[in-house]
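Work through the following exercises with the coordinates open beside you. Each task is followed by a solution that proceeds step by step.

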Amino acid sequence: MGSCDPEPQKLYIETPCIPSEALSRAAGCNIFLKLENLQPSGSFKSRGIGHLMYQEMLTKKNVHFYCSSGGNAGLATATGAAVLSQPCTIVVPMTTSELMINKMRLLGAQVHQVGTHWALADEHLRTQLLARDPSGVYVPPFDHPDIWTGASTIVTELVSQLKPFNVSLSQIDAIVCNCGGGGLLNGIMEGVEKNFGGAGAGAGAGAGGGKGEAGGEVVGEEARKKRPKVLAVETAGADSLNASVRAGALVTLPAITSIATSLGAPRVAARTFRWAQEAPHLESVVVADAEAVMGSVRFADDARVLVEVACGATVATVYNGDLRRIVGVDEEGRALSDEEWSRKNVVVIVCGGSNVTLEMLRAYQEKYGVK
């Protein structure tokens, strides 16, 4: 009998989705936390990047992975490469912390630090390193369909995970995530289309039922009635999506001035901007750095989970009133009563991120006067 090569190891896990009493009290509605901080690399990046790397290894035995990153994408690439026993090179901008660089190097990655922001690091990687390596495989941090497909599995998992809490698919009123370059947001939007059906649902969402190509559930009329609101949260100074929405065209920020460097893509993916133009259920939200710090601090107190400020920006919408302002209205724009709002169900994507320590968070607290 012949032999065949085993499939490569899967590089991400199904993460828990849990109700949060503390955040529900703060918001006034039902808050569920999708804990992507528990992924092998410490962030949601393990899903999309892990899926892309897995797909590459299905057809290749020996590769050298190359990733340009503000930090978390590089860490996900280094984590996946270590599992796959393949070499990897990461190029990060000068804004990336020594903490993140050391984490990547401990996993065996070669790390170069070039440029003032991610786009310059990416240009160096492509022209000076990847172009000279015939075995090189480019791992973009956010702009690739395989990455979006990997991230879309977050929504697919919600279908079964919320059932024990008596929340059906059609009862998910909103999903809150952050947006840097758009990889996570594109995945959430893709997952909503696959699992809620309707026009534009993409491959796999046929009328005959069953699962789509990327694992999405093809659902009936109940879930087709409405899609949840999707809040895409950025920080001021890293708000390339919001700037594009306001301009009506893709905008490249001249610089990243936010402390949330993990959100520091000066330009979002073209697909992300198209989602913002085409999807009425997508809302672009911008919070200040101080609010992002507040989100991380209060989340550490309320959920006993330490997340970097890029994730704190997402959580901040629960505490600062943005969530209710956007989701807490009916189809005519009328503000819901407290009782009506209390019945709403919102999933917050705790994207994680490894660029955080207690000392860093304390320093941010002092700088921004956050208690």
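**Exercise 1.** How many disulfides does the structure hold?

*Solution.* The model is a predicted one, and the structure holds zero disulfides. Take cysteine 177 as a first check: the nearest cysteine sulfur, that of cysteine 179, is 7.1 Å away, and cysteine 177 is in no disulfide. Turn next to cysteine 311, whose sulfur is 3.8 Å from the closest cysteine sulfur, in cysteine 351, and therefore too far for a bond, given that a disulfide requires sulfur atoms within 2.5 Å. Both cysteines can also be placed by accessibility, since cysteine 177 is buried with a relative accessible area of 0%, and cysteine 311 counts as buried at 0% relative accessibility.

**Exercise 2.** Determine which residues have the most contacts inside the largest nonpolar core, and which helix gives the most to this core.

*Solution.* The largest nonpolar core has 73 residues, and those with the most contacts inside it are Ile31, Ile175, Leu185, Ile188 and Leu323. Helix α12, which spans residues 309-319, gives the most to this core, with eight residues. To look at one of the well-connected positions, list the neighbours of isoleucine 188: leaving aside residues up to four places away in sequence, isoleucine 188 touches Ile154, Val155, Ile175, Cys177, Val230 and Ile349. A second, separate core of 26 residues includes Cys67, Ala73, Met104 and Trp148.

**Exercise 3.** Establish how the buried residues of helix α4 are arranged and what they pack against.

*Solution.* Begin with the residues themselves: in α4 (residues 98-106), Met100, Ile101 and Met104 are buried. Seen down the axis of α4, the buried residues fall within an arc of 100 degrees, so they line one face of the helix. These buried residues pack against α3 (72-84), β4 (88-92) and β5 (110-113). After the helix comes glycine 108, whose phi is positive, near 100 degrees.

**Exercise 4.** Describe the surroundings of serine 296.

*Solution.* Serine 296 has its place in helix α11 (residues 289-303) and is buried, with a relative accessible area of 0%. Not counting residues up to four places away in sequence, serine 296 touches Val307, Glu308, Val309, Gly312 and Leu361. For one of these neighbours a polar atom pair can be given, as the backbone oxygen of valine 307 lies 3.3 Å from a polar atom of the serine 296 side chain.

**Exercise 5.** Identify where the pLDDT is below 50.

*Solution.* The mean pLDDT of the protein is 90, and 91% of its residues reach 70 or more. Over residues 199-220, however, the pLDDT is below 50, and this stretch has 39 contacts in the model beyond near neighbours in sequence.

Notes
Residues numbered from 1 in each chain as written. Predicted model: local features only at pLDDT ≥ 70, side-chain atom pairs only at ≥ 80, totals over all residues. Heavy atoms only, no water. Core = buried A, V, L, I, M, F, W, Y, C linked by side-chain atoms within 4.5 Å. Buried < 20%, exposed > 50% of the residue type's maximum accessible area, 1.4 Å probe, protein only. Helix = DSSP H or I, 4+ residues; strand = E, 2+ residues; numbered from the N terminus. Contact = heavy atoms within 4.5 Å. Arc of directions from axis to C-beta. Polar contact = N/O pair within 3.5 Å; in protein donor to acceptor, adjacent residues only side chain to side chain. pLDDT = per-residue confidence, 0-100.
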